[in-house]
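Student: Before we talk about how the parts fit together, could you show me the model and tell me which criteria stand behind the terms?
Tutor: Here it is, and we can begin with what counts as a contact.

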Amino acid sequence: MTEINFTLNGKTTTVDANPVRRLAHVLRDDLGFTGTKIGCDAGDCGACTVRLDGRQLCACLVPVAQANGAEIVTVEGLSKSGKLSPLQEAFHLYGAAQCGICTPGMLMAASDLLDRNRSPSEEEVFDALGGVLCRCTGYRKIVDAILHIGNTADANIIDPAVGEAVGARAAKLDGEQKVTGTELYGADQAPEDALWLRAVRSPFWRATFSLGDFEPLKAKYPGLVDILTADDVPGLNGFGIYPDVKDQPVFADGFVRYRGEAVIALVGDAETISEIRDDELPISWQEQDPVQGFGPPLAEEAPQLHNDYPGNILAHGATFKGDIDCGFDESTTIFEESFSTGFVEHGYIEPEAGWARRVGDRIEVTVTTQSPYMDRDEVAIIMGLAPEDVRIIPTACGGGFGGKLDQTVQPLVAIAAWKLNRPVRCTFNRLESMAATTKRHPSRITARYACSDDGKLQAYEFNGDFNTGAYVSWGLTVKDRVPIHATGPYYVPNVSAKSRAFFANETPAGAFRGFGVPQAAIAHDALMDMMAEKTGIDPLEFRHINAIRKGQETATGQKLESAGLDQCLEALRDDWHAWRAEAEAHNATNKTRRRGVGVGCMWYGCGNTSIANPSTMHIGLTADGTVTLYSGAQDIGQGTNTTMMQAAADGLGIALDQLNLVCGDTDLTADAGKSSASRQAYVSGNAVKLAGEDLRGQILRLANVGENATIEFGTGTLTVREGETSREIDLSSLPKSENGEVLRGEGYFDPPTEPLDKNGQGKPYGTYGFAAQIADVEVDVQLGTVKVLRIAAAHDVGQAINPQQVEGQIHGGVAQGLGLALMEEYIPGRTENLHDYLMPTIGDIPDIKTYIIEDPEPTGPWGAKGIGEPALCATAPAIFGGIYQATGVRVTQAPCTPDRLRAAILSNKA
Amino acid sequence: MTLYLQPKSIDEAVKALSENSLFVLAGGTDYYPARVGKPLDEDILDITGIADLRGVTENNDHFHIGALTHWTDIIETELPDYFDGLKLAAREIGGVQIQNAGTIAGNICNASPAADGIPPLLSLNADIVLASTRGEHSMPLAKFIMGNRKTRCASDEIVTGFRIPKPAHPATSTFLKLGARKYLVISIVMVAAVIENDNGNIGAVRIAVGSCSAAAKRLHMLERALAGQAITAGIGDLVTEGHLNQLSPINDVRGSADYRRDVALTLVRRALEELVASA
């Protein structure tokens with residue numbers, strides 16, 4: 001150990017540390033400055049950016065020894081005397097922080113820039129922030145914030161009047177803690193005496209193994225407290241998101257199905273468990289040939305992954321409508337094409353992290369998650385406990401996108417803490433986060449679309465294979481959701497859409513923003529372009545002709561009551577024609593750098609498919625006049641902490657700032673379901689509205705006044721006014737419930753769905769979100785590189801509860817869609833870090849123009865529908881359409897990397 | 001507990017290296033990424049305390065770039081046009097955090113085939129200067145880098161800097177990098193080029209291509225073909241596929257070998273045209 005002295009945020013600081021330790025770890029673990037986040041430990045994400053002697057540096061790349069004598073500033077040093085700095089204020093008001101995990105790094109990089117350059121250009125902002133990755137915002141609001149420092153007015157943030165919270169551009173209620181670095185995420189909190197846990201993972205894609213004697217290891221490392229194996233699982237050694245499918249073991253039991261699968265766990269002090277090398281462990285492996293890719297797992301005689309699934313087939317899904325043979329026979333224009341996509345990594349900057357403690361005969365898990373109640377039920381099964389004996393306390397979530405729905409650290413720390421009766425914490429490093437956790441399903445799709453001479457769609461045939469990897473995870477959802485959405489958001493009289501999900505010895509594929517719909521959209525919209533060209537109809541107008549309208553039936557026979565795609569396309573029409581013309585003019589004189597503008601459309605059913613997925617919300621009032629929303633709707637950056645409060649305020653009819661929020665703790669909140677499937681605004685929004693209305697009704701009855709009365713809370717009092725009359729209620733006079741409340745409103749909403757029959761007919765979702773996006777791209781035809789110059793996105797969200805949050809979702813979705821289109825492909829075993837796996841940086845995301853379309857959904861709260869997933873699905877098809885106009889190449893494989901596009905351009909010429 | 005030595009002078013550093021087997025650490029931008037989730041258990045020689053090793057100095061017939069010169073230092077130091085290619089490369093390395101920490105010698109000693117610093121230094125005809133208790137010596141950079149992650153740096157040596165000879169004629173240089181995203185990207189191909197202008201003709205030209213062989217390579221055949229040619233637009237047309245024969249690109253996640261060969265040709269042509277246009 002070496003004594004190291006530096007100035008930290010202006011204060012002289014001394015630490016005694018191993019000089020080679022990363023500064024980021026010392027700041028967080030030794031000094032408690034957890035505002036500095038760790039996303040990769042490799043300088044790839046910039047989350048740990050601090051300033052050292054004025055310069056921005058990744059604190060994960062600095063040996064603490066080099067900090068000796070230096071002046072260090074972290075995010076905690078930005079605000080002075082409790083007041084946000086102008087930079088922080090701009091980030092807050094302009095919506096630059098969504099999940100907030102990259103925010104400290106962004107702020108530090110920006111502060112470095114601003115100290116050198118008070119009025120930077122957009123390009124200079126890009127250069128300065130190019131080393132920090134953000135996965136939520138699409139960067140545009142970050143750039144906006146920096147370019148608008150000191151200008152709070154243009155953010156257009158309003159403090160809504162009573163009854164006007166829904167639809168208001170209200171500031172993010174948890175925004176300040178994200179810009180000050182005080183927000184606590186999964187890795188930011190655990191008791192001081194917590195032990196650390198590290199999972200040991202399979203180095204093989206398929207192998208059997210046996211465990212030897214661990215005593216010599218324990219003797220060698222006194223800091224090693226315990227080694228957990230499959231034998232230590234108190235309940236069922238299996239988890240999985242469906243109630244009847246628990247196929248994935250917490251610890252593999254003698255057989256591993258993918259590289260990265262947890263085999264054992266080491267529990268001890270931090271230094272010891274990181275010091276032990278995997279090759280010191282008494283594990284003897286017998287490697288087997290894995291079955292991988294799209295061919296081998298489906299081959300006859302292929303080795304099986306699971307006994308219960310012959311032929312490695314997980315399941316088939318299908319939607320049949322009309323008579324496709326007839327539809328194709330009667331059509332004059334028919335195109336068929338095959339498409340493929342790869343694994344895609346969620347790339348949240350916060351790795352999986354959490355801790356657990358045993359409290360008597362209960363277990364408490366504090367964890368970053370998208371689904372507290374599902375975690376509770378999964379952990380209960382694994383622990384052999386009743387669900388009520390498991391408490392999940394969600395931390396702030398540093399991005400999820402579907403990747404924090406499955407079990408990761410939860411069972412590991414729960415088992416360890418239970419067995420050892422000591423708090424145990426675990427934080428995945430980036431490599432294991434990428435190797436062990438779920439991805440987007442790779443797909444192989446063959447599809448055939450037909451239309452008549454006037455451009456009306458007649459028939460669609462779709463066959464899609466989806467690789468679900470080693471375990472089921474969300475494979476069943478993908479195989480169900482894809483055929484329902486396969487046609488795209490168009491009215492098609494005759495449909496046959498079939499899907500198949502299969503196993504392979506690869507990283508499990510699970511939920512990722514869209515559940516197979518983005519893959520299907522690449523197929524249907526490429527075919528739409530081909531039919532448009534053949535029929536001589538403009539691609540946007542071709543979609544407008546076929547856009548499914550209110551009152552029309554989907555492929556599952558569901559009659560839509562809200563369908564705003566036609567309006568989305570109308571909103572884009574002027575941009576579309578202007579941009580197309582500009583591109584053509586540009587191309588007339590440019591042979592090397594070619595421009596093109598494409599359009600993509602999508603739809604997305606909000607909520608889980610054809611199953612109950614209710615949400616229950618409570619609003620409680622205590623005798624001192626405190627009103628609190630108890631929301632189980634986990635905010636994963638998308639802003640539900642704010643939007644649920646807006647809905648509660650209007651449901652109840654009070655000012656937004658009179659409400660308090662308790663979010664997520666399973667002991668305190670009811671089950672609101674998962675923050676996935678674009679369901680919280682629609683499902684939980686309804687539950688909150690009903691809870692507000694319920695409480696309001698109770699109050700009005702108590703005061704014996706009518707519907708139009710206003711409610712105001714004072715300290716210990718409640719004032720109800722109706723016209724000239726005003727009535728004050730002494731809250732202390734009301735009887736108190738067990739939890740100290742005098743009144744409690746409850747709201748419950750389950751989307752109106754019906755099961756699908758054997759032909760896939762029924763009502764799988766309560767409502768659908770719609771979108772159209774256009775992308776203007778420039779292709780360097782000699783290099784095969786694509787630069788997206790601008791995007792316009794029109795989204796039908798029914799009703800924007802908070803327009804700023806909706807824009808943020810659109811921006812972030814576009815960025816992920818751009819990544820899917822152009823650069824993102826997770827290759828198991830090869831791209832398990834954030835420099836080989838490429839996600840868009842700040843310099844890759846163009847200006848994004850947003851149009852919010854509100855075609856109200858009758859069953860939605862104030863008409864609202866979801867936006868989370870819709871934001872992503874239309875982007876890749878739009879970009880691919882642009883590439884076609886620019887080059888004549890029809891992209892059929894995502895991502896369209898420079899080498900693939902260049903090869904296609906060359907073979908197109910030949 | 002492992003050793004962590006922080007010498008203040010070159011003498012101290014080489015003495016320590018002669019006595020122990022030590023890992024030489026400077027900016028840490030390659031050391032830490034290779035050890036995610038792994039123990040940090042090497043004995044370390046942290047040379048960042050040697051002030052003499054940082055910065056660019058001009059001498060009679062050459063410039064000297066100290067080993068610990070950060071990429072940001074290269075960007076911010078006023079240097080003749082001859083260094084424009086190196087400055088462009090400096091801006092393309094990682095993000096600003098990496099440019100602020102990463103050192104020029106670290107980039108070279110890590111000897112990645114995709115090291116952005118190597119082609120510009122090759123195009124500048126750089127010699128690398130090494131020191132040990134046995135004394136100081138230098139060698140051409142091309143000789144120093146033996147292949148993928150392999151150099152001629154002996155275990156008791158440190159790199160002290162780079163010696164860049166001044167060009168015989170007024171010279172311009174450039175650097176083109178191809179990657180699949182804007183920042184923080186490992187190069188698929190990069191090209192550095194220098195043209196020395198001898199009264200409108202090419203007095204000398206040096207072109208180096210990275211990420212297309214185990215170590216970045218100068219295109220000597222092409223350089224000979226271009227020598228003496230007039231500096232005019234269309235010079236790129238003189239470059240043929242055959243001039244790139246000495247490259248031996250591989251297939252990897254970033255691109256196929258065929259693609260690399262193809263775009264290397266384009267980038268070499270573009271680099272030359274760019275230099276001609278600015279001359």
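Tutor: Two residues are in contact if their C-beta atoms, placed from the backbone, lie within 7 Å. Please keep in mind that this is a predicted model.

Student: What makes chain A and chain B partners in an interface, and how many residues of each are in contact?
Tutor: By that 7 Å criterion, 50 residues of chain A are in contact with 37 residues of chain B. On chain A, strand 4 (55–58), helix 4 (122–129), helix 8 (270–275), helix 12 (430–436) and helix 22 (898–909) each supply at least two residues of the side that touches chain B, and the residues of this side of chain A divide into 20 nonpolar, 16 polar and 14 charged.

Student: Into which domains is chain B divided, and how many residues does each give to the contact between them?
Tutor: Chain B is divided into domain 1 (4–165) and domain 2 (171–278), with 24 Å between their centres, taken over C-alpha atoms. Their contact takes 27 residues from domain 1 and 26 residues from domain 2 of chain B. Helix 3 (84–92), helix 6 (118–123) and strand 8 (145–147) of chain B each supply at least two residues of the domain 1 side, which by class has 16 nonpolar, seven polar and four charged residues.

Student: Why is the sheet with the order 24-23-22-28 in chain A called open?
Tutor: In this sheet of four strands, with mixed pairing, strand 24 (659–663) and strand 28 (741–749) of chain A stand at the edges and each has a single partner strand, so one side of each is left without a neighbour in the sheet.

Student: How do you know that strand 23 and strand 24 of chain A pair?
Tutor: Pairing requires at least two bridges, and strand 23 (residues 627–631) and strand 24 of chain A have five, in the parallel sense; therefore the two strands satisfy the criterion. One of these places is Val627(A), whose bridge partner in strand 24 of chain A is Leu659(A). Helix 17 (residues 640–652) of chain A packs on the sheet, touching strand 22 (615–622), strand 23 and strand 24 of chain A, and its direction makes about 135° with that of strand 24 of chain A.

Student: What describes the packing of helix 14 and helix 21 of chain A?
Tutor: Two packed helices are described by the angle between their axes and the distance between the axes. Helix 14 (residues 517–535) and helix 21 (residues 875–887) of chain A pack at an angle of about 35°, with their axes 8 Å apart, and helix 14 of chain A passes helix 21 of chain A in a right-handed crossing.

Methods
Residues numbered from 1 in each chain as written. Chains lettered and ligands numbered in written order. Predicted model: local features only at pLDDT ≥ 70, side-chain atom pairs only at ≥ 80, totals over all residues. Nonpolar A, V, L, I, M, F, W, Y, C, P; charged D, E, K, R; others polar. Domains from an automatic or database assignment. Axes fitted to C-alpha atoms, helices over the stretch in contact; angles between N-to-C directions. Left-handed = near helix turned anticlockwise from the far one by under 90°.
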